[in-house]
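Work through the exercises below with the structure open beside you. Try each task before you read its solution.

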Amino acid sequence: MNITLTRPGLDELIKGIGTIVERGLEPRDTAFAVADLLRAGLPGLDILTDEERAGSADTYRSFPLHAQEEFSVVAVVWHPGQETRIHDHVSWCTFGILSGVEHETLYRDMGDHLVEIGRAANLPGEVSGFAPPGDIHKVQNTSAEIGVSLHVYGADVAKLGSSVRRYYDLPVR
Ligand SMILES: [Fe+2]
C-alpha cells in the first residue's frame with residue numbers, strides 16, 4: 001500500500017520560497033522576503049500529523065518537511081518549557097509561530113563568555129527573519145501549551161544534518 005502524506009499549504013510555500021530564492025538577493029533580504037511570504041499565508045497546524053504535533057516529553061522535536069540545495073522547511077514542536085541549547089546558524093532563517101510562544105534570547109560572543117543582548121517573545125501568527133552573523137540565540141516555548149513553529153533555512157538541512165553552525169557552552173555573564 002502506498003500512502004502519500006498531504007501537508008496542506010506546503011507545496012505553495014515551497015513554490016513561493018523557490019521564486020524568492022531565485023532572485024539571488026542578499027541573505028538578509030531573502031529572509032525578509034520569505035517573512036513577507038509567510039506572513040501573507042502562514043500554514044495551519046494541519047501541516048503536521050496528529051502524532052507529529054504531539055511532540056515528545058523528552059525534548060523538542062524537529063520535522064524536516066522539505067530540503068533542497070537552496071533552502072529547507074522544518075517544523076519544530078515544543079512542549080511547555082522545552083528549549084534549545086545556545087547556537088547560531090549556517091544561513092539566513094525565517095520562522096513563523098503556529099501555536100505557543102517561542103521566546104528567544106539573543107547573545108553576543110565575547111570570546112570567553114557570552115552576554116545577553118536581547119529578548120523577544122514570538123506569538124502565534126508572528127513571523128521574523130534574520131541572517132548571520134549576530135544570530136547567537138536560545139529558543140524556548142514559554143507558553144503552557146504545545147508550541148509549533150515553522151522554520152525556513154537557506155541551506156540543505158538534509159545534506160548538512162542540521163542548520164546549526166555552532167553550539168555555545170560558554171558562561172553567560
Ligand atoms: Fe535557532
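## Exercise 1: Helix 1

Helix 1 has 13 residues, and from its first C-alpha to its last it reaches 18 Å, close to the 18 Å expected at 1.5 Å a residue. This model is predicted.

**Task.** Which residues of helix 1 are buried? Which exposed residues does the face turned away from its buried side carry?

**Solution.**
- Step 1. Find the buried residues. In helix 1 they are Leu 13, Ile 17 and Ile 20.
- Step 2. Look down the axis. These residues cover an arc of only 60 degrees around it, which puts them on the same side of helix 1.
- Step 3. Turn to the face away from the buried side. This face carries the exposed residues Asp 11, Glu 12, Lys 15, Gly 18, Thr 19 and Glu 22.
- Step 4. Ask what lies over the buried residues. Their cover includes helix 2, strand 2 and strand 9.
- Step 5. Go just past the end of the helix. There Gly 24 takes a positive phi of about 65 degrees. Most residues other than glycine have a negative phi.

## Exercise 2: Helix 2

**Task.** Why do the buried residues of helix 2 line one face of the helix?

**Solution.**
- Step 1. Check the length. Helix 2 has 14 residues and reaches 20 Å from first C-alpha to last, close to the 20 Å expected at 1.5 Å a residue.
- Step 2. List the buried residues. They are Thr 30, Ala 31, Val 34, Ala 35, Leu 37 and Leu 38.
- Step 3. View helix 2 down its axis. Its buried residues fall within an arc of 160 degrees, so they line one face.
- Step 4. Name the packing partners. The buried residues of helix 2 pack against helix 1, strand 4, strand 7 and strand 9.

## Exercise 3: The open sheet

**Task.** In what order do the five strands of the open sheet run, and which are the edge strands?

**Solution.**
- Step 1. Read off the order. The five strands run 1-2-9-4-7, with antiparallel pairing.
- Step 2. Find the edges. Strand 1 (61-67) and strand 7 each pair on one side only, which makes them the edge strands.
- Step 3. Follow the twist. From one strand to the next it averages 20 degrees.
- Step 4. Inspect one pair. Strand 4 (residues 93-99) and strand 7 are antiparallel and pair over four bridges. Cys 93 stands opposite Phe 130 in strand 7.
- Step 5. Add the helices. Helix 1 (residues 10-22) lies across strands 1, 2 and 9, at about 65 degrees to strand 1. Helix 2 (residues 27-40) lies across strands 4, 7 and 9, at about 170 degrees to strand 7.

## Exercise 4: The nonpolar core

**Task.** How many residues has the largest nonpolar core, and which strand gives the most to it?

**Solution.**
- Step 1. Count the members. The largest nonpolar core has 30 residues.
- Step 2. Pick out those with the most contacts inside this core. They are Ile 17, Val 34, Val 74, Ala 75, Val 152 and Tyr 153.
- Step 3. Name the elements. Helix 1, helix 2, strand 2, strand 4 and strand 9 each give two or more residues to this core.
- Step 4. Find the top contributor. Strand 2 gives the most, with six residues.
- Step 5. Follow Val 152. Leaving aside neighbours within four places in sequence, Val 152 is in contact with Ile 17, Val 34, Phe 71, Val 73, Cys 93 and Thr 94.

## Exercise 5: Two loop residues

**Task.** Is Ser 91 buried or exposed? Is Thr 59 buried or exposed?

**Solution.**
- Step 1. Place Ser 91. This residue sits in the loop between strand 3 (87-89) and strand 4.
- Step 2. Use the count for Ser 91. With 22 other C-beta atoms within 10 Å, Ser 91 is buried, because buried takes 20 or more.
- Step 3. List its contacts. Beyond its neighbours within four places in sequence, Ser 91 is in contact with Pro 27, Tyr 153, Gly 154, Ala 155 and Ser 163.
- Step 4. Place Thr 59. This residue is in the loop between helix 3 (50-53) and strand 1.
- Step 5. Use the count for Thr 59. With 12 other C-beta atoms within 10 Å, Thr 59 is exposed, because exposed takes 12 or fewer.

## Exercise 6: Strand 8 and the loop before it

**Task.** Why is strand 8 largely enclosed by the rest of the structure?

**Solution.**
- Step 1. Check burial. Four of the five residues of strand 8 are buried, so strand 8 is largely enclosed by the rest of the structure.
- Step 2. Find a partner. Five bridges join strand 8 to strand 5 (residues 102-109), and the two run antiparallel. His 103 stands opposite Gln 140 in strand 8.
- Step 3. Step back into the loop between strand 7 (127-130) and strand 8 (137-141), where Pro 133 lies. The peptide bond from Pro 132 to Pro 133 is cis. Most peptide bonds are trans.

Note on methods:
Residues numbered from 1 in each chain as written. Predicted model: local features only at pLDDT ≥ 70, side-chain atom pairs only at ≥ 80, totals over all residues. Pairing = 2+ DSSP bridges. Axes fitted to C-alpha atoms, helices over the stretch in contact; angles between N-to-C directions. Contact = placed C-beta atoms within 7 Å. Expected span 1.5 Å × (residues − 1). Arc of directions from axis to C-beta. Core = buried A, V, L, I, M, F, W, Y, C linked by C-beta atoms within 7 Å.
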